[in-house]
Amino acid sequence: MIYDRVLIRYGELSTKGRNRNVFVTKLKKNIKDIMKNEGNIQIQAGRDRMYLLLNGASYERIKEKLSNVFGIQSFSPVVRTEKNIEKVKEAALTLVKANFSPGNTFKINARRSDKTFEIDSQEMNSVLGAHILKNIDGIKVDVKHPDIELLVEVRKEGVFLSCEWVKGAGGLPAGVSGKAMLLLSGGIDSPVAGYMMMKRGVEIEAVHFFSPPYTSERAKQKVIDLAKKLTSFGGTIKLHIVPFTEIQQKIHETVPANYTMTSTRRFMLTIADEIRKKNGGLALVTGESLGQVASQTMESMLAINDVTSTPVLRPLIAMDKLEIIEISRKIGTHDISILPYEDCCTIFTPPSPKTKPKLERVEHYESFFDFEPYVREAVEKTETLLISEEFESKEFQDLF
């Protein structure tokens with residue numbers, strides 16, 4: 001059986017009221033962006049369902065990409081028939097036969113949202129079940145644990161049948177909850193934080209702090225690759241690469257060693273907030289997990305957060321490292337994150353960073369040097385890349 005379309009179920013979007021259309025429109029756009037290289041796919045969006053007309057495109061490729069799109073509860077490849085019981089019986093038998101192996105059991109799961117159709121759900125189960133039992137030798141019914149479950153939906157647009165149900169990514173369409181700046185290092189945590197925020201409908205722009213010659217072009221490419229992985233969940237992502245070397249050097253020269261980590265994070269947040277203002281963001285996002293390292297204690301967060309009144313969202317705050325690693329494997333960022341290329345968070349690391357820094361102390365140490373011109377210059381010289389699945393870094397290719 002060759003499926004001709006995919007039926008998409010919205011999930012959480014179905015709970016929205018008058019503004020549901022905003023969510024559906026955004027989901028449609030996100031799907032269109034992710035499917036732009038998959039042939040002449042057409043998207044038909046309704047209030048509680050969406051359909052992709054495949055027009056010959058490979059369902060297996062569509063399935064892989066669609067599984068990552070936030071805002072989808074589930075989807076099924078379907079065939080569509082007229083609202084004629086004989087046509088439905090014919091399609092049902094063809095579908096079950098295509099999936100049947102000797103000894104298999106089956107179940108019919110019919111739903112009738114179009115109440116004008118003369119046969120209700122229970123009758124549909126009986127009629128289709130009897131037709132299949134009569135025409136396939138050796139098949140049996142098992143309503144609890146069937147090998148084949150035939151899904152039948154009677155809607156105004158027609159009758160849709162499928163033997164496959166695929167769990168979607170859930171959440172809200174990326175972009176419906178506003179924009180935020182993700183502080184993206186080369187580690188495991190920050191890409192996962194970006195993924196978690198995208199799942200709640202946040203459009204992510206990434207900010208990476210680059211400190212050559214202490215950090216290499218390979219380290220920069222690693223971050224580009226992480227951003228590319230995140231595009232599969234919400235489309236194109238802006239990546240802002242901040243030249244951070246001079247500021248890090250001045251911190252190292254000016255601030256006592258046990259406070260340099262706190263001060264470094266404060267200037268990262270300051271610069272990210274300036275980039276947020278220029279790009280219309282509403283919040284900052286970090287991959288911090290409470291107590292994981294010295295800069296992620298409550299006292300450290302208090303001292304670091306003081307540089308901005310902008311909301312700092314920390315979706316991993318209550319998660320342990322193993323939970324974060326599990327998600328990173330699931331979303332495909334783990335193997336990139338563990339590549340042994342340095343990032344600016346690992347250079348000039350003091351042997352004994354302060355775990356309970358005092359705000360007045362770090363402010364006092366930073367007052368010994370005028371950092372403002374350096375912050376301004378870093379923002380002005382920030383390089384912005386538009387990252388998509390097709391993005392290729394010429395600079396990195398030239399290294400080989």
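What follows is a conversation between a colleague and a modeller about how labels are given to parts of this structure.

Colleague: What kind of model is this, and how are its residues numbered?

Modeller: This is a predicted model, in which local features need pLDDT of at least 70 and side-chain atom pairs count only at pLDDT 80 or more, while totals for chains, interfaces and linings use all residues. Residues are numbered from 1 along each chain as its sequence is written, and side-chain values use heavy atoms, with hydrogens and water left out.

Colleague: How many helices and strands does the protein have?

Modeller: The protein has 14 helices and 15 strands, where helices (H or I, at least four residues) and strands (E, at least two) are DSSP runs numbered from the N terminus. Its C-alpha trace spans about 85 × 45 × 35 Å along the principal axes, and 52% of the 400 residues count as buried.

Colleague: Why is Gln-296 called buried?

Modeller: Buried means under 20% relative accessible area, exposed means over 50%, and partly exposed lies in between, with a 1.4 Å probe and protein chains only. Gln-296 has a relative accessible area of 9%, and therefore it is buried. Gln-296 sits in the loop between strand S13 (283-285) and helix H9 (298-305), and, not counting residues up to four places away in sequence, it touches Glu-288, Ser-289, Leu-290, Gly-291 and Met-301, where contact means heavy atoms within 4.5 Å.

Colleague: Which UniProt annotation covers Gln-296?

Modeller: The unreviewed UniProt entry has a "binding site" annotation that covers Gln-296 and other residues, including Arg-265, which lies in helix H8 (residues 260-279). UniProt positions are given in the numbering used here, feature names are shortened, and annotations may be inferred rather than shown by experiment.

Colleague: What makes Lys-89 buried or exposed?

Modeller: Lys-89, in helix H3 (residues 85-99), has a relative accessible area of 17%, so the residue is buried. Leaving aside neighbours within four places in sequence, Lys-89 is in contact with Val-127, Leu-128 and His-131.

Colleague: Why is Thr-105 given the label buried?

Modeller: Its relative accessible area is 14%, and so Thr-105 counts as buried. Thr-105 lies in strand S5 (residues 105-112), and its contacts, leaving aside neighbours within four places in sequence, include Lys-140, Asp-142 and Ile-148.

Colleague: How do you know whether Gln-122 is buried or exposed?

Modeller: Gln-122 lies in helix H4 and has 58% relative accessibility, so the residue counts as exposed. The C-alpha atoms of Gln-122 and Asn-109, 13 residues apart along the chain, are separated by 9.0 Å.

Colleague: Why is Leu-133 called partly exposed?

Modeller: Leu-133, in helix H4 (residues 121-135), has 41% relative accessibility, and therefore it counts as partly exposed.

Colleague: Which residues make a nonpolar surface patch with Leu-133?

Modeller: Val-141 and Val-143 join Leu-133 in a nonpolar patch of about 260 Å². Patch residues have over 30% relative accessible area and no salt bridge, with like charges joined within 9 Å and nonpolar side chains (Val, Leu, Ile, Met, Phe, Trp, Tyr) within 5 Å. A salt bridge is a side-chain nitrogen of Lys or Arg within 4 Å of a carboxyl oxygen of Asp or Glu, and accessible areas come from the Shrake-Rupley method with a 1.4 Å probe, where for residues only the protein chains shown count as cover.
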